[in-house]
Amino acid sequence: MSNCIDFSGRPFHFIGVGGIGMSALAYVLSKRQLPVSGSDLRPNHITHKLESLGVHIFSKQEANNLEFFLPEVASDEVLSPRAKTNLPQVICSTAINANNLEYKAALELGCPILHRSDVLAALIADYYSIAVAGTHGKTTTSSMIGYMLLQAGLDPTILVGGEVKAWEGNARIGESRYLVAEADESDGSLVKHAPEIGIITNIELDHPDHYETLEEVVNTFQTFARGCKTLVGSIDCDTVRHRLKPTISYSLDPDQGADYTVSNVNYRANGTTALVWEKGQALGVLNLQLLGRHNLSNSLAAVAVGRFLGLEFGQIAEGLATFEGARRRFEFRGEAAGVTFIDDYAHHPSEIRATLAAANLQSRPGQRVVAIFQPHRYTRTLTFLEEFAESFAHADLVVLTDIYSAGEPDLGQVSGEDLATAISKHNPQVVYQPNLPLVSEFLLENLRSGDLALFLGAGNLNQTIPELITTMSEPAKSYIRER
């Protein structure tokens, strides 16, 4: 694939434009008045929003989509060099394979073909950029930083891997020189980015479909770190502390000697407060609406960035105090029959433990935390089978369904039922339901008033939530309240 991006007016065409990362790029390019089109097999609210901006959306991924860009010529006429320069820059994600009909047509026509990370890298180079990387917490941390800069009047351009209410989506275009971006390590493309400020929240093995060992992951982050003019990192992560040595460090443990730390921490059911310290000097109190240790850590990264950019702590604290989080990050989806429904993207054992800890902060005496989990990818489930099993120890009930493949082939090495068996060794309160309709049926029969129903996973499990809420809100279902 080429890596030379042309922002001078040549069209962009995204294969799979409805994805969370692809759509953010398409949004920013279209707001920069560049011609943008894309295809997606499953139209959604994101593609509809892009259409409202003038992005041409194809509902199928077919070879003749690219004829949209061709001038009308006779069948035996050869395209002129000028016509060829108007062919679109075709943008793909790692999910697009060589057999995709649009991809093959782009090759035959001679279109420049680029990975989505090439576009992001070019945007990062075009701004004073702040790129947030790490195995966990990227979306929340990048959203926090973007929101903080927005509230401080710095008008940033923002691209994140989740939707945020403050800018009604996963991206916004600003008029300033600042750009805040989430930088993904999953396919190794993180090495392409060279921001002014890089943040690394933590490092773990999370994508065994791409990396065989943690050392390979570390090498990717080390390359990214070398490309950052200033590196901000959490030294609560041993790997970050020992293998990267960030320029600016943060930690929840005052004994670590980090540049930014906290004391007087109070984790509450409706948020978190802490006294923030900068190099031994108390800055002031931070009040967050977000729950748990992991979000307090994420906020320290935002504090470090804000202070590096010259913001007063009061500006930082005022901004972060009203940040509500990104969608699918402990997102409240509603309440029905006395049951509270929470949706969370957690799909790695560490994320599940952190999210369950946050859920237990909210739970009242006698209230059950019911964890409903859809494993994501066969490779991840197999690699971390025992870690997943242990991560559900503090749920009152675990409801498990089969694995969301995310396009991976099922080699018969692991199943959702295998994970349920492994979980039962640490938490006997586990139930396996092989598909989503059976999950919904089980929940309708077994949820009871007062439960906190926590839907976990990066697949399509959360699509069951609206129907559950609707069904349980019907008067005929009032018996659920009395169980």
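The following passage describes the cores, one helix and one strand pair of a predicted model. Local features were taken at pLDDT of at least 70 and side-chain atom pairs at pLDDT 80 or more, whereas totals for chains, interfaces and linings use all residues. Residues are numbered from 1 along each chain, and side-chain values use heavy atoms, without hydrogens or water.

The largest nonpolar core (buried Ala, Val, Leu, Ile, Met, Phe, Trp, Tyr and Cys residues joined through side-chain atoms within 4.5 Å; buried means under 20% relative accessible area and exposed over 50%, with a 1.4 Å probe and protein chains only) comprises 73 residues, of which F14 and F392 touch the most other members. Helix α1 (residues 20–31; helices are DSSP runs of H or I of at least four residues, strands runs of E of at least two) contributes the most to this core, with 7 residues. A second, separate core of 42 residues includes W167, I248, Y250 and Y260.

In helix α4 (residues 101–109), E102, Y103, A105 and A106 are buried; they lie on the same side of α4 because they cover an arc of only 165° around the axis, the arc being that of the directions from the helix axis to the C-beta atoms. These buried residues pack against β1 (12–15), β2 (36–39), β4 (89–92) and β5 (113–115), with contact defined as heavy atoms within 4.5 Å, while the face turned away from the buried side carries the exposed residues L107 and E108. G110, which follows α4, has a positive phi, near 85°.

Strands β13 (residues 260–268) and β14 (residues 271–278) run antiparallel and are joined by 7 bridges, pairing being assigned where DSSP finds at least two bridges. A hairpin connects β13 to β14 through 2 residues.
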